[in-house]
Each structure stands twice: as C-alpha cells, then as structure tokens.
Amino acid sequence: MPDNKEASSQQLEQQMHKLREIVLGADGQHVTEKLHKNARGIVSDVLSEALHDREKLDGSVNTVLLPLVEKSVETSIVNHSQQFVGYLYPLVGSLVRKSVTAFITEFLEKTNTLLENSFTIKGLKWRFKAWQSGVSFSQYAASQTFAFRVEQVFLIHSETGLLLNSVSYGLDTGTDPDLMSSMLTAINDFVSDSFKPNQDSSEQHLNVIRTSDFSLLIKPGPKAVVVASITGNMPQGVANQLQQTLEEIHSLYDRELTSFNGDAMPFEHTQNQLRTCLISELKPEHQGKKKKPWFAWVVVIIFLSGIGYLFAKQWQAYSLLEKVKLIDNEPGILITDISTFGLNKVQLNVLRDPTAQPISEWLQKQNITQQHLQIKERAFLSLEPSLVQAKVMNVLKKFPNIKIDWTMKQPNFTGTIAISEQRRLETDLRAIAGLNFQSDWMNALSIEVVDTNPVEDIQLIKEILDIKIAEINRLRITFAYGESELSRSAENTVFSITQHFKELESLAQKLRLSISLILMGTSDMSGDSEYNKVLSQMRADSIKSKLQQLGIDEKRLNAIGLGAIDLDTSQKDARMVLINVVYFNTGNP
C-alpha cells in the first residue's frame, strides 16, 4: 500500500508539472512575456507610490538616485555648459555672497578654536598632556572635546581584503598611500583571522580592536566588511549604524560585490552610505551656548591691520619711486639704478654733470623730502646742448666785454678782447666737451692792441706757449686690435703734432726753454701682460719713428711702453699713444 501511494503521488506531481508548462509555458514563459508586454503600464501605475513607500521605509531611494543624478548633472554640464551658464547666472551673485559669508564664519570659528586651543592656558595644558601621552595635539584636543567621534570608515571586500572605498571626518584623509596600504593589510589580517572556524564549525568574529588612542569597530558581512576608526568612548549607536550601512551596501551593491575583480570603481558612490557612519558627540561641557569668536576677530583684525600697514608703506615707496623717476628727464642727470628697499625707502643711483641742477634743489622744487631717499651720485660729462651752452656762459663770465649769439646751436662771439685774453678764451672753450670749437666763431671779435714792454711780451709768449702745449697734450693716437702700425688718420695726427711742436720750439727759444715729447704707448687688457708690454712699446716707437721722419730731433723724443691699462670705457680707448710735452729752463730770457 505505501508503494502505491508514493507512486500515485509522483504521478500526480508529474501531471501538475505538465499542466503548469501548458498554462504558464516552459520556465513561466507565457507569464514573463505577458509581464514584459504590459510592464510599462504596470510600473507606471505604482512607480510614484512605490518610491514613496520605499524611501519612507529605509531611505534607500535617495541613496540610490543621488549618485545617478550627480552623474547625469555632470554629463549634462559637460555637454551643455553654455545653457547651464544661462540658467545659473541670476543665482551666481547670491550664491557667491552666501558662500563668502559661510567661509568667513567657518574660518573665524576654526581660527578661534585653534587660537583657544593653542595660545590659551587650556591649550597649553592640552599640548603638555599630549606630549606626555605621546600623541598628537589634534588627537588629544579631539579626545577632550568629543565624547566620541568616528574619524574614518573603510569598506573592504571580504574575500580579497582589498579596499573598496573610505571616507574620513575631514574633507580629505591626507593619508599617505604607503601608510594606507600597511593599515589595510593589517585590517585584512584581522578580518581573515576572525573568519577562522571554531570547533563547532561556526565562524568566530573579531568585532573590536582597542588601543590607547582609538578603537577599530569591525562589522563583517557575507561579501564586505565595514571598519570604523573611533576616538573616545564608543556608544552602541555607532555599531548599529555600521550594521545598518553594511546591510544597505549589500542590498544595493550585491551584484558588484559578487563579481568584484579588483576594480573599486563601481563602489565610488558608496561614500554616500559610508558618510552616514561619520558621527560624533560633544562632551557635555562643550554642548552649551556657542561662543562668539571674539579672540579670532581680534587676531584677524590685527593681521589685516598689519597687512594694511605693510601695503600702505609699500604704496608710499612706490609713489616716491615714481616721482623720483622724473629726475631722469632733467638735462645732465642720468639714473643708473632706482629701486625700493625696506618698508618705504628708495635707493637712487645717478650720474650728474657738475653744471646740471643739484639733485637736492630739484627734490625741493618737487616737494620731495629726502627722509626716505638714499642717493648715490657720481660725476660725468654730459653732451646735452643745453648744458654745453650753460658751460659756455660760465666761461664768458670771465670776459665781461664779450657777448654771444646762438645761431643753429652754434655760438658767435662779438665784442672787444685783448690778444692774450683771446688765447685764454679759446683754451677754455676748447676744453668744453661736446662744443667742437671752431676758430671762425671768433671772427667777429675786435682784437684790442695794447702797447707792451718786453716783460709783458714774455708773459704773452708764455701764455701762447701754454696754449700750444695744451693742444698737443689733448691729442691721442689710437691703434687697431693687436696692431702697432700707423693708420692714415694716425699719420695725420702725427703730422699735426709735428707742426705744433715746431711752433713750440720757436716760442721756447724766445723763453730759453728746452722742450721734448714723451710718447706713452698703452694696450687693452685682452692679451698676456708681457705681450701687452711689448706691444705698447712698439706703438710708442712707431710714433717716435714717424716724428723723426718729419724732422723732429731724436733727442727731444722719449718713447715709453706702459703696458695694459684698465679703463671703464671701451677697450678701443685703451689701445693708443698718449702725448705729453715737458720743458725746463736753460737760462733767463
């Protein structure tokens, strides 16, 4: 009998299976096709209500939709940025103001907390206690301020022990990658040990690891583990929150956890769930009325005042520098360097022609005090026409009977002058750099003839002699690089020296003077010192030889090689022969 009942039961089950296949189709094919055909209408009828009920039940709808919406908005902004600019433009001003206000408020609160914890008696005590305990000041301050705080939360894959995602109490963990790797390896070891089976084949779990500084709360799941780093006394609510978050992640990311292959990208949006575990609670003494950050305001005001003071001083120096720069427009004054130093001082380096306006006088006219000015002045000869004219006028002060008329920037002298004064006037004018004196400028002068006795004649001859000597001493004969041969222009200069020297000889005879020429050869710094010495002597000997050919007695010529000379001007000016006239008395005239 039992066998018959069992056989009839199996036969009935087979018949029911065939009936289900006829009605529903293989694997429910008919039902599935029907549902797919009407799925849109069915879902649309209950979608809003279903979303509302699920969100009200566990809040998972918002958690799931949030990363999808963020991704959609990001894609839309990238592809349609101009449209978003138009949409957001009216809101930007209000958003910026609110953002700035929030930033300043947060900055002041953080600054006030930092100052209170750092520079007050309480802050100093905390620093000492932190040093005694061997922990960082921030950790100790957090332990004194918070009853507990979840510092970091990690999501780890159960099977591989790899990190899927992590969040921290701050905006950025600031954790070194190597340090993170070591920590995760240690956590992975703890988790692996916790899954070793007991003797009754049940799994043992390592739930909490406590140290002197923090606690690690571990919530294992079938496919993932959530680990929280907690400072302070951990309440049960933290464990409940971790368990709830772990279940939610398993519910939302079950497929990703099952097919995990080492790529943590699919778990990027789990931050939304993990951040719900970053909870904290202040100690009772810190839960009172929020303090106004007066101390922070005072420090900020002092800081801004200091910045304003420095800015004002720098602006004062910049304004002074811009005013002083105008002195470069003055004739005969050249700025070589101008800069600011210190808070509000200006360093001024200038070249000034002796005839130019004194710098102190110019500053006084511009109402500029020298209190914040440091001036370094060096002399130079300016060739500006206005200064050349001023120098000519200074020379004419010695000759009250002479008048001058400037035509096309060239002077024409008129008036009456003695012949001895005329020579002196010519000498003074020739000495003015940039004038390029010409004898025809003196054609309109009336030469005053004065009867003189022999003594006065001798005096006049001496003055003429001095003028001729000055003319010869001003002459320079230049050479090309490494050369000692005379160029065409050098030969013309030597011929002019010969003419002047022969005139000097006739004057010297009247005064019973013996005259001679010293020829001093020089070279630049480019060659070897011994070679430069030889080259400079060769140049002097070359001039001496040419003068002898033109009729000057060898006894009256002395050639000397000076070697290399270092000039601040161009090297060309150092390759030359200098001429100097010397004389001595041979007896009374």
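In the predicted model, strands S10 and S11 form a hairpin in which two residues separate the strands. Met 408, located in the turn, adopts a positive phi of about 55°. The pairing of S10 (residues 402-407) with S11 (residues 410-418) is antiparallel and extends over six bridges. Within this arrangement, Ile 404 is positioned opposite Phe 413 of S11.

An open sheet is built from three strands in the order S7-S8-S9, with mixed pairing. Strands S7 (333-341) and S9 (373-379) occupy the edges and have a single partner strand each, so one side of each lacks a neighbour in the sheet. From one strand to the next, the twist averages 15°. S8 (residues 345-352) pairs with S9 in the parallel sense through seven bridges, and Val 350 has Glu 377 in S9 as its bridge partner.

Helix H13 (residues 385-396) comprises twelve residues, for which a rise of 1.5 Å a residue predicts a span of 16 Å; the end C-alpha atoms lie 17 Å apart, in agreement with this expectation. Its buried residues are Leu 387, Val 388, Lys 391, Val 392, Val 395 and Leu 396. Lys 391 engages Asp 353 in a side-chain salt bridge (3.0 Å, N to O). Because Asp 353 belongs to the loop between S8 and helix H12 (359-365), whereas Lys 391 belongs to H13, the pair ties together parts that are 38 residues apart in sequence. Both Lys 391 and Asp 353 are buried.

Eleven salt bridges are found in the whole structure. Among them, the side chains of Arg 430 and Glu 471 meet at 4.0 Å, N to O. Arg 430 lies in helix H14 (residues 419-430) and Glu 471 in helix H15, so this pair ties together parts 41 residues apart in sequence. Arg 430 is partly exposed, with a relative accessible area of 29%, whereas Glu 471, at 14% relative accessibility, counts as buried. A further salt bridge joins Lys 544 to Glu 554, with the closest N and O atoms 3.9 Å apart. This pair links helix H17 to the loop between H17 and strand S15 (557-564), its two residues being ten residues apart. Lys 544 is buried at 17% relative accessibility, and Glu 554 is partly exposed at 45%.

The largest nonpolar core contains 27 residues, of which Ile 477, Leu 517, Ile 543, Leu 547 and Ile 579 touch the most other members. At least two residues of this core are supplied by each of helix H15 (454-473), helix H16 (488-511), strand S14 (513-523), helix H17 (529-549) and strand S16 (576-585). The greatest contribution, eight residues, comes from H16. Beyond residues up to four places away in sequence, Ile 543 touches Ile 477, Phe 479, Leu 486, Val 494, Leu 519 and Val 577. A second, separate core of 23 residues includes Ala 224, Leu 246, Ile 249 and Tyr 253.

The end C-alpha atoms of H16 are 35 Å apart, which agrees with the 34 Å expected for its 24 residues at 1.5 Å a residue. Buried residues of H16 include Val 494, Ile 497, Phe 501, Leu 504 and Leu 511, together with the polar residues Thr 493, Thr 498 and His 500. Arg 512, which follows H16, has a positive phi near 55°. In helix H17, Ser 536 is buried, with a relative accessibility of 0%. Apart from neighbours within four places in sequence, Ser 536 contacts Gly 521, Thr 522, Ser 523, Gly 561, Leu 562 and Gly 563.

Conventions:
Residues are numbered from 1 along each chain as its sequence is written. This is a predicted model: local features need pLDDT of at least 70, side-chain atom pairs count only at pLDDT 80 or more; totals for chains, interfaces and linings use all residues. Side-chain values use heavy atoms; hydrogens and water are left out. Two strands pair if DSSP finds at least two bridges between them. Helices (H or I, at least four residues) and strands (E, at least two) are DSSP runs, numbered from the N terminus. Axes are lines fitted to C-alpha atoms, for helices over the stretch in contact, and angles run from 0 to 180 degrees between N-to-C directions. The expected span of a helix is 1.5 Å times one less than its number of residues. Buried means under 20% relative accessible area, exposed over 50%, partly exposed in between (1.4 Å probe, protein chains only). A nonpolar core is a set of buried Ala, Val, Leu, Ile, Met, Phe, Trp, Tyr and Cys residues joined through side-chain atoms within 4.5 Å. Contact means heavy atoms within 4.5 Å.
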